[in-house]
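Visitor: I would like to learn how to read a model of this kind, feature by feature. Could you take me through the general ideas and then through the case before us?

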Amino acid sequence: MEVLKQRILQEGVVLSDQVLKLDALLNHQVDPGLTMEMGREFARRFEGAGVTRIVTVESSGIPAAFATAVEMNVPLVFARRKKTLLADPDAYCERVPSFTKGIVTDIMLSRDFISAEDKVLFIDDIIANGDAARGLIKIIQRSGAELVGLGVVVEKSFQPGARAIREQGVRLEPLVRIKSLSGGTIEFED
Ligand code: 5GP
């Protein structure tokens, strides 16, 4: 998605060889027009797949997931990050390490909002090591729903998450792929 590459070049801030700050368009501020374009692109790529539900993880996945849900005219469910360790019998829970926060959080999704009849499209903001995505994929699998695919706004292809998830047989569609942040420069795959 060319327009997204340009925006990332203009507004992204390279914090290190591993981390790109995208607060201006993804992780803090949201551009509604650009976000709706992301939704249209994900909807186009997964058109005809019979998607019944979009899922994401709060909070940064929600805008792009919402835009996709609008385009596909299906409900959006976001997994919550739990602050309590108390088991909730009405929810699927998974423990995931957080890439940027350096802590472990639990994500939960109510059994009321996903079922074995669903064909689920998972939309997320950024994939790095893939821990967050793996956690939600486990929840989707435990629910018996079919995972149609994972759409991510940014794949950092120099980190192992996306490759590992593709090796699990999941269709992973990134809007842009970043191959390097070395030396403070953002380099995209072709
Ligand atoms: P993972 O679990 O794949 O290692 O990391 C996924 C989550 O960490 C993403 O949803 C995103 O919010 C955050 N994250 C990972 N890498 C970056 C990065 O380079 N920049 C920002 N802003 N967030 C990141």
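Guide: Let us begin with secondary structure, where helices (H or I, at least four residues) and strands (E, at least two) are DSSP runs, numbered from the N terminus. With that convention, Asp-106 is placed in strand 6, which covers residues 104-110. This is a predicted model, in which local features need pLDDT of at least 70 and side-chain atom pairs count only at pLDDT 80 or more, while totals for chains, interfaces and linings use all residues. Residues are numbered from 1 along each chain as its sequence is written, and side-chain values use heavy atoms, with hydrogens and water left out.

Visitor: Is Asp-106 buried or exposed, and with which side chain does the side chain of Asp-106 make a polar contact?

Guide: Buried means under 20% relative accessible area, exposed over 50%, and partly exposed in between, with a 1.4 Å probe and protein chains only. Asp-106 counts as buried because its relative accessibility is 10%. A polar contact is a pair of N or O atoms within 3.5 Å; within protein, one must be able to donate a hydrogen and the other to accept it, and residues adjacent in sequence count only if both atoms are side-chain atoms. The side chain of Asp-106 makes such a contact with the side chain of Arg-95, at 2.9 Å.

Visitor: Where is Glu-41 found, and what polar contact does the side chain of Glu-41 make?

Guide: Glu-41 is found in helix 3, residues 32-45, and its relative accessible area of 16% is why it is classed as buried. Its side chain makes a polar contact with the side chain of Arg-44, at 2.7 Å.

Visitor: How should I read separation along the chain against separation in space, and how far apart are the C-alpha atoms of Ile-178 and Val-154?

Guide: Set the two separations side by side for each pair. Ile-178 and Val-154 are 24 residues apart along the chain, and their C-alpha atoms are separated by 7.2 Å; Ile-178 itself lies in strand 9, residues 172-180, and counts as buried because its relative accessible area is 0%. Leu-26, in helix 2 (residues 23-27), is 12 residues from Met-38 in sequence and 11 Å from it in space, C-alpha to C-alpha. Val-14, in strand 1 (residues 13-14), is 35 residues from Ala-49 in sequence and 36 Å from it in space, again C-alpha to C-alpha. With a relative accessible area of 22%, Val-14 is partly exposed.

Visitor: Which residues does a cis peptide bond join, and which residue that is not a glycine has a positive phi?

Guide: For the peptide bond one reads omega, which is about 0 degrees at the cis bond joining Glu-58 and Ser-59; Ser-59 is placed in the loop between strand 3 (53-57) and helix 4 (62-72). For the backbone one also reads phi, and Asn-73, although not a glycine, has a positive phi of about 55 degrees. Asn-73 lies in the loop between helix 4 and strand 4 (76-82) and counts as exposed, because its relative accessibility is 69%.

Visitor: Turning to the ligand, which residues come nearest, and which polar atoms lie by its oxygen atoms?

Guide: A residue is near a molecule if one of its heavy atoms lies within 4 Å of it. There are 15 residues around the ligand, of which Leu-20, Asp-125, Asn-129, Gly-130 and Lys-156 come nearest. An N or O atom in the side chain of Asp-125 is 2.5 Å from an oxygen atom of the ligand, whereas Gly-130 places a polar backbone atom 2.7 Å from a ligand oxygen, and a backbone N or O atom of Ile-126 lies 3.5 Å from an oxygen atom of the ligand.

Visitor: Which elements give two or more residues to the shell around the ligand?

Guide: These elements are strand 7 (119-127) and helix 5 (131-143), and strand 7 gives the most, with 3 residues.
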